[in-house]
Amino acid sequence: MDDQTRIELEAAAFRRLRDHLRERSDVQNIDLMNLAGFCRNCLSRWYQEEANARGIDMGKDEAREIYYGMPYADWVAANQREASEQQKAAFDVAFANNVGGKG
């Protein structure tokens, strides 16, 4: 497989993951982080980091809006539920293990 095809396939897989997570708004970010060590916010941050590494000036809010397909505050208002104390405790561990000072 040539490099351009590989890049296109990887980009298509990323878009499918993004679209799948947009459709599954019932799956909370905290649950993704607790189970998988990443969430939608991580994906938007990785997008931002890659843009910045290529000299594209992009902030966290812009990256989140690109990833979520709407302003982040709108997504939170429409989809995010209050986390339980158990979820919050698990998140603290998952965040420390997977994100640390990056977030």
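This section describes the helices of a predicted model, the packing between them and the two largest pockets.

The protein contains six helices and zero strands, and its elements, read along the sequence, follow the pattern α-α-α-α-α-α. Taken along the principal axes, the C-alpha atoms of the protein fill a box of roughly 50 × 30 × 30 Å.

Two packed helices are described by the angle between their axes and the distance between the axes. For α3 and α4, the packing angle is about 120° and the axes lie 8 Å apart, and the crossing of these two helices is right-handed. On the α3 side, the contact is made by R40, N41, L43, S44, Y47 and Q48, which meet K60, A63, R64, I66, Y67 and Y68 of α4. Divided by class, the residues of this contact of α3 with α4 comprise six nonpolar, three polar and three charged.

Helix α4 also packs against α1, the axes of the two coming within 10 Å and crossing at roughly 80°. Because angles of 65 to 115 degrees count as roughly perpendicular, α1 is described as roughly perpendicular to α4. In this contact, F14, L17, R18, L21 and R22 of α1 meet I66, Y67 and Y68 of α4, and the residues involved divide into six nonpolar, no polar and two charged. I66, Y67 and Y68 of α4 thus appear in the contact with α1 and also in the contact with α3.

A further packing pair is formed by α2 and α6, whose axes come within 9 Å and cross at roughly 55°; the two helices are therefore oblique to each other. The crossing of α2 and α6 is left-handed. From α2, the residues I30, D31, M33 and N34 meet Q87, K88, A90, F91, A94 and F95 of α6, and by class this contact of α2 with α6 has six nonpolar, two polar and two charged residues.

Turning to the pockets, the largest has a volume of about 550 Å³. Its lining is made up of 15 residues, of which A11, F14, Y47, E50 and R54 are the closest to the centre of the pocket. The elements that give two or more residues to this lining are α1 (3-23), α3 (40-53) and α4 (60-68), and among the contributors α1 gives the most, with six residues. By class, the lining of the largest pocket has 10 nonpolar and five charged residues, and no polar ones. Two of the residues closest to the centre of this pocket, F14 and Y47, also take part in helix packing, F14 in the contact of α1 with α4 and Y47 in that of α3 with α4.

The second largest pocket holds about 420 Å³ of space. Of the 20 residues that line this second pocket, those closest to its centre are C39, N41, R64, Y72 and F91. At least two residues of the lining are supplied by each of α2 (29-36), α3, α4 and α6 (85-98), and α3 gives the most, with four residues. The lining of the second largest pocket has nine nonpolar, six polar and five charged residues. Among the residues closest to the centre of this pocket, N41 and R64 belong to the contact of α3 with α4, whereas F91 belongs to the contact of α2 with α6.

Note on methods:
Residues numbered from 1 in each chain as written. Predicted model: local features only at pLDDT ≥ 70, side-chain atom pairs only at ≥ 80, totals over all residues. Heavy atoms only, no water. 1 Å grid on protein atoms, 1.4 Å probe; cavity = no way out; pocket = protein on both sides within 12 Å on 5 of 7 lines; lining within 4 Å. Points joined across faces, edges and corners; volume = space filled by probe spheres on them. Nonpolar A, V, L, I, M, F, W, Y, C, P; charged D, E, K, R; others polar. Axes fitted to C-alpha atoms, helices over the stretch in contact; angles between N-to-C directions. Left-handed = near helix turned anticlockwise from the far one by under 90°. Contact = heavy atoms within 4.5 Å. Parallel < 35°, antiparallel > 145°, perpendicular 65-115°, else oblique.
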